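Ready for some practice in reading a structure? Keep the viewer open and try each task before you look at its solution.

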Amino acid sequence: TWHLKKIPQIVSERTFSLDSPKFEAKTKLELNSVCGIECQRKLPLPSSSDLKDLLSYETIFENGTRTLTEVNVLGVVLDPAGNTTTRRSSRKKRQIYGTDSRFSIYDKRFMTTFPFNTAVKISTGCSGVLISPKHVLTAAHCLHNGKDYVKGSKRLRVGLMKTKSRGDGRKRKGAKRNGMPSFQWTRVKSTHIPKGWLKGVSGDIALDYDYAVLELKRPHKRKYMELGISPTIKMMPGSMIHFSGFDNDRSGQLVYRFCSISDESNDLFYQYCDAEPGSTGSGIYLRLKEPNKKKWKRKIIAVYSGHQWVDVNGEQQDYNVAVRITPLKYAQICFWIHGNDDNCTQG
């Protein structure tokens, strides 16, 4: 069951103008030297001043201008570290672990209906998920490498799967027959990235903040997926998670997968879901029962960060990692969507 939790308050304190970025960074879909499972467990709980710094955020606008907004965080209750369970599988190879268990969705009726229609393509080569009529959630490193914005983010666009093909040219007919989705591209008005990520990807806790929200220039009028607070592994049916994205090795196809989580820290899920670059930034979701109702509801509980090398028992091991939607991150993303915290008291 989805459990209601009281959400901390994110309050905007002041906003500064910054110089325009250079937009010279290269998109890097695999990160090295990140704080791994043991490292995460040993991290001290951030202080209130740490949280104010980490959850302050940059906004970059379509015209290349940039601002920094400092925030205050009220009513936060931090869970002490140690809510982790270990169910590690033996180490296997790269992003595809053993038998490839991904499903390519060919039928346009499935592609363009919920929940698959919430998956979007980001013009920098990643995936994302619709979380409001005008907002997309994705991974921060699809747009920023910790030091500068990536080249393609200057004229950032989001591709929504089309429900119908226009015209009847041969190419379009062929694409339809082969199950290739066609996209309707929409310009991005502004992008929010938490300062926790901008501290640099080599920092101890940067990976915890590998998420960003894009505001579209126009509303998309489609069904989107709501945010949910990430439960612990024990509270998930079969410990299973689901996500869909546009993997590079299956060009033009929507790829769906589900798998169980191997391990968790307060901010990250470690799993062996089969995935290739391109699916980075996908929204990971669960289907749980609504409180006091017979209805079941899917909600986004994490952002797929991609294939990472992490330190485990002093050795580098590879996992596919996802950033959990904690109450703090829920508060921040909700604030970005609504512009205030009035709608963000419970999640």
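The exercises below work through a predicted model, each with a solution in steps.

**Exercise 1. The nonpolar cores**

Task: Find which residues of the largest nonpolar core touch the most other members, and which helix gives the largest share of this core.

Solution:
- Begin with the membership: the largest nonpolar core holds 67 residues, and Ile122, Leu137, Val158, Tyr211 and Ile333 touch the most other members.
- Next, look at helix α6, residues 327–338, which contributes 8 residues, the largest share of this core.
- Then look beyond this core: another core of 17 residues lies apart from it, with Trp2, Ile261, Leu286 and Ala302 among its members.
- As background, nonpolar side chains tend to be buried together in soluble globular proteins.

**Exercise 2. Two positive phi values**

Task: Phe23 and Lys221 each have a positive phi. Decide for each whether the residue is buried or exposed.

Solution:
- Take Phe23 to start with: phi is near 55 degrees, in a residue other than glycine.
- Phe23 sits in the loop between β1 (9–18) and β2 (31–34).
- Buried means under 20% relative accessible area. Phe23 has 9% relative accessibility, so Phe23 counts as buried.
- Now turn to Lys221, where phi is near 60 degrees. Lys221 belongs to the loop between β11 (212–216) and β12 (226–227).
- Exposed means over 50%. The relative accessible area of Lys221 is 79%, so Lys221 is exposed.

**Exercise 3. A buried asparagine**

Task: Locate Asn320 and name the side chain that Asn320 joins through a polar contact.

Solution:
- Asn320 is part of strand β18, residues 315–324.
- Its relative accessible area is 0%, so Asn320 is buried.
- The side chain of Asn320 is joined to that of Tyr304 by a polar contact of 3.3 Å.

**Exercise 4. Salt bridges**

Task: Describe the pairs Arg66–Glu58, Lys217–Glu62 and Lys134–Glu215, and say what the last two tie together.

Solution:
- For orientation, the model has 11 salt bridges. Side chains of opposite charge can pair when their charged atoms come close.
- In the Arg66–Glu58 pair, the closest N and O atoms are 3.2 Å apart. Both Arg66 and Glu58 are buried.
- For Lys217 and Glu62, the closest N and O atoms are 3.3 Å apart. Lys217 lies in the loop between β11 and β12, and Glu62 in the loop between β3 (57–61) and β4 (66–74), so this pair ties together parts 155 residues apart in sequence.
- Lys217 is partly exposed at 38% relative accessibility, and Glu62 is partly exposed at 26%.
- Lys134 and Glu215 have their closest N and O atoms 3.6 Å apart. Lys134 is in the loop between β7 (127–130) and β8 (135–138), while Glu215 is in strand β11, so the pair ties together parts 81 residues apart in sequence.
- Lys134 counts as partly exposed at 23% relative accessibility, whereas Glu215 is buried at 17%.
- To finish, trace the shared partners: salt bridges join Glu62, Arg187 and Lys217 into one network.

**Exercise 5. The second largest pocket**

Task: Work out what lines the second largest pocket.

Solution:
- The space in this pocket is about 220 Å³.
- Its lining has 13 residues, and Ile131, Glu226, Leu227, Tyr330 and His338 lie nearest the centre.
- β12 and α6 each supply at least two lining residues, and α6 gives the largest share, 4 residues.
- By class, the lining comprises 7 nonpolar, 4 polar and 2 charged residues.

Key. Residues are numbered from 1 along each chain as its sequence is written. This is a predicted model: local features need pLDDT of at least 70, side-chain atom pairs count only at pLDDT 80 or more; totals for chains, interfaces and linings use all residues. Side-chain values use heavy atoms; hydrogens and water are left out. A nonpolar core is a set of buried Ala, Val, Leu, Ile, Met, Phe, Trp, Tyr and Cys residues joined through side-chain atoms within 4.5 Å. Buried means under 20% relative accessible area, exposed over 50%, partly exposed in between (1.4 Å probe, protein chains only). A polar contact is a pair of N or O atoms within 3.5 Å; within protein, one must be able to donate a hydrogen and the other to accept it, and residues adjacent in sequence count only if both atoms are side-chain atoms. On a 1 Å grid over the protein atoms alone, a cavity is a set of points where a 1.4 Å probe fits but cannot get out, and a pocket is an open set with protein on both sides within 12 Å along at least five of seven lines; lining residues have an atom within 4 Å of a point. Grid points are joined across faces, edges and corners, and a volume is the space filled by probe spheres set on the points. Ala, Val, Leu, Ile, Met, Phe, Trp, Tyr, Cys and Pro count as nonpolar, Asp, Glu, Lys and Arg as charged, and the others, Gly among them, as polar. A salt bridge is a side-chain nitrogen of Lys or Arg within 4 Å of a carboxyl oxygen of Asp or Glu.
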